[in-house]
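I sat down with this one over coffee and kept brief notes as I went. Here is what I looked up.

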Amino acid sequence: MSSVSFRKLEKSYGALRIVKGIDLEIADREFVVLVGPSGCGKSTTLRMLAGLESISGGEIRIGERVVNKLPPRERDIAMVFQDYALYPHKTVYENMAFSLKVRGVPAAEIKPRIAQAAEMLGIGQLLERKPSQLSGGQRQRVAMGRAIVRRPQVFLFDEPLSNLDAKLRGQVRTEIKRLHQAIGTTIIYVTHDQVEAMTLADRIVILKGGEIEQVGTPDEVYNSPASVFVGGFIGSPAMNFAKGTVRGGRIAFDGGAEIALDGRVNGKATALEGRDIIVGIRPEHFGAAEEGRQLSGRVQVVEPLGSDTLIHFALGSSTLTARVAPEMRPQPGEILSIGVDPSRIHLFDAATERALN
Amino acid sequence: MATASETSVVPTHNESATKWWTRFLDPSERTLAVLLLAPAALLLALIIVYPVCRLVWTSFQNLSLTSGVPAEFAGLENYRLMLDDPVFWETTWNTVLITLITVPGALFVGLAMALMANLPFKTKWPVRLSLLIPWALPLSFAGLIFAWFFHSEYGVVNDVLRRLGFEGVIWFNSANWAFAAICLTIIWKTSSFMALIILAGLQTIPRSLYEAAEVDGAGRMRQFFEITLPLLKPAIVVALIFRTITALQTFDIPFTMTRGGPGTSTATLAMYIHQNTVDFLDLGYGSALAVVMFALSMCVTAVYLRMIRAKG
Ligand SMILES: Nc1ncnc2c1ncn2[C@@H]1O[C@H](COP(=O)(O)OP(=O)(O)OP(=O)(O)O)[C@@H](O)[C@H]1O
Ligand SMILES: [Mg+2]
């Protein structure tokens, strides 16, 4: 088990910069999730850590060792690939035993280690099968088993659940979390699914265009997103954004509506006076209407989900989504008045899109 | 009752007569299957079964166009003659030897070429093209080129040998050297075909398997023997089947390079068949020889097929 650190990590293909100077310290036993939209450089970063991709600049340490130039086999990491990369001609047992055999672990030790890992993952009865005789979920587990038996310093996962159906994904996600709690090894996990990131991570690293947008615990990135991008990326349904201006301690939305800024940003209200801002409101943070703390808009679509109801309504030129109690069923076309708690809204600078609070 | 059944019999008979045709207009599943398979089966019978049967039949006949005697059934006479025919044994042995040398030879050279061609070259087409060229050349053309290469006076091989300080070899005067020259030529000509099939096989192996192996700690050698080779096995077996069958039928290259000489020391079974049927017009004996070659090919194919099945 080991810590990992990236210092000014860079990757370019020719003139094309893909990873633009990542600085990140990952503690021993930490579960870190790299999340971001497609093409933002998550896999590239992970593969540089694994040694499967050369680095163009900066430094990677595993524990105290600088591993910049070490081949993968000397980095003592294990990786679970998106397509699992199980050896098709080897049985499950042989797949799991391969890395141990290569490293010269005595046969007497291989067997109990595989048995233990297989039991942990519930694949004990599959050991004699070939990968082609397994279901997607079983293959996924075997791929994890192959990584576990190694007992590496660090586990790397590159979108390990993306080939599973929704139900199985939830199930395996829980298993991965349980696994981390059981063995405690440092895990670096890549995904583009924010739900996976939120549920699994000790800390989330949000990447955008090869740069770190924010690093923080799931609570931190949810409660205080550092930018419009993070606000919109984390949380489902996504955060609502509306443009407005601060005027006399109130937010004047472009559509004409206004809400008080009282309480929260009081001290800054004067500093913000006259500034163009982007207001972020999470759908789940709308509440009962209250004088001066409410927005009104025409209801466009109502989606009952059973557990709650999503209401899409117009505010000026933008459409906002509110997640409300399931009993609330306004009719499309109605004018809806809905409460906003000023302490739960997020303010971003309109020009830089960075958080203002 | 009797009259009733009698009256019913007559129309039924008529019906069944017309039904013979209507059955094809609205065929049952079974009839349809037979109908659909019939053209292919007929074609196969015409172009494979008939010639093979005809060949076997001819091999039982005393049919020599030069003897002036009409063909007559000779039983196993042709085959008995073969047993006492030293040229038959020599050419068969040459054929087997060529197979045993050039098939593994082409496999190794082809494998090496395929591995090289599979390296991440920036521009792939010159590599692929150079693989294709030897394959696309006609066999007899390759034979003619290499006959020149191995020419004792003007050949490039001897020239290189002399420059390196060795003595030149009069390749086609010695049975062993001539045989070696033929084998080298065949390997050159056929390894590109092996390489093409193996290259196709190599490209079906996902890159992530090598990455997984690398993370697992396997070096290059280990990756080759534990991943590449096992996953190439189906491609290799297919290539071996084709290559072995064509090796058993080797004709063009020794024919153009040595005409089987010196003596019959580099003649193959196929050349001996050609000689008997085309030069001597002894169709009976030639057919018997061809049956032997056919049997050899079938045996080899059966062995390979068993190899594939044992794997699956
Ligand atoms: N060999 C390469 N040559 C040039 N560009 C590359 C190469 N490999 C990756 N890229 C580019 O690098 C960028 C980052 O790729 P990467 O695979 O890291 O994305 P990702 O964040 O993992 O995305 P996804 O969620 O789709 O897997 C992409 O824009 C991709 O086009
Ligand atoms: Mg990726």
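Before I quote helix content, a reminder to myself: helices here are DSSP runs of H or I with at least four residues, and strands are runs of E with at least two. I also keep in mind that this is a predicted model.

**Entry 1, chain B.** With that in hand, I checked residues 129–150 of chain B and found 86% helix and 0% strand, with the end C-alpha atoms 25 Å apart. Residues 96–117 of chain B came out at 100% helix and 0% strand, and their end C-alpha atoms lie 31 Å apart. Both spans are among those that an unreviewed UniProt entry annotates as "transmembrane region".

**Entry 2, the annotated domain.** The unreviewed UniProt entry also gives "domain: ABC transmembrane type-1" for residues 92–304 of chain B. Over that stretch I read 77% helix and 0% strand, with 21 Å between the end C-alpha atoms.

**Entry 3, ligand 1.** Next I asked which residues surround ligand 1. My list includes Y13(A), I18(A), E159(A) and H192(A), along with the run S38(A), G39(A), C40(A), G41(A), K42(A), S43(A) and T44(A). By type, the shell splits into 3 nonpolar, 6 polar and 2 charged residues. Helix 1 of chain A, residues 42–50, contributes the most, with 3 residues.

**Entry 4, polar contacts.** I then looked at oxygen atoms of ligand 1. A side-chain N or O atom of T44(A) sits 2.4 Å from one, a polar side-chain atom of K42(A) is 2.7 Å from one, and a backbone N or O atom of C40(A) is 3.2 Å from one. On its own, ligand 1 has 640 Å² of accessible area, and the protein covers 58% of that.

Methods:
Residues are numbered from 1 along each chain as its sequence is written. Chains are lettered from A and ligands numbered from 1 in the order in which they are written. This is a predicted model: local features need pLDDT of at least 70, side-chain atom pairs count only at pLDDT 80 or more; totals for chains, interfaces and linings use all residues. Side-chain values use heavy atoms; hydrogens and water are left out. A residue is near a molecule or strand if one of its heavy atoms lies within 4 Å of it. A polar contact is a pair of N or O atoms within 3.5 Å; within protein, one must be able to donate a hydrogen and the other to accept it, and residues adjacent in sequence count only if both atoms are side-chain atoms. Accessible areas come from the Shrake-Rupley method with a 1.4 Å probe; for residues, only the protein chains shown count as cover. Ala, Val, Leu, Ile, Met, Phe, Trp, Tyr, Cys and Pro count as nonpolar, Asp, Glu, Lys and Arg as charged, and the others, Gly among them, as polar. UniProt positions are given in the numbering used here, feature names are shortened, and annotations may be inferred rather than shown by experiment.
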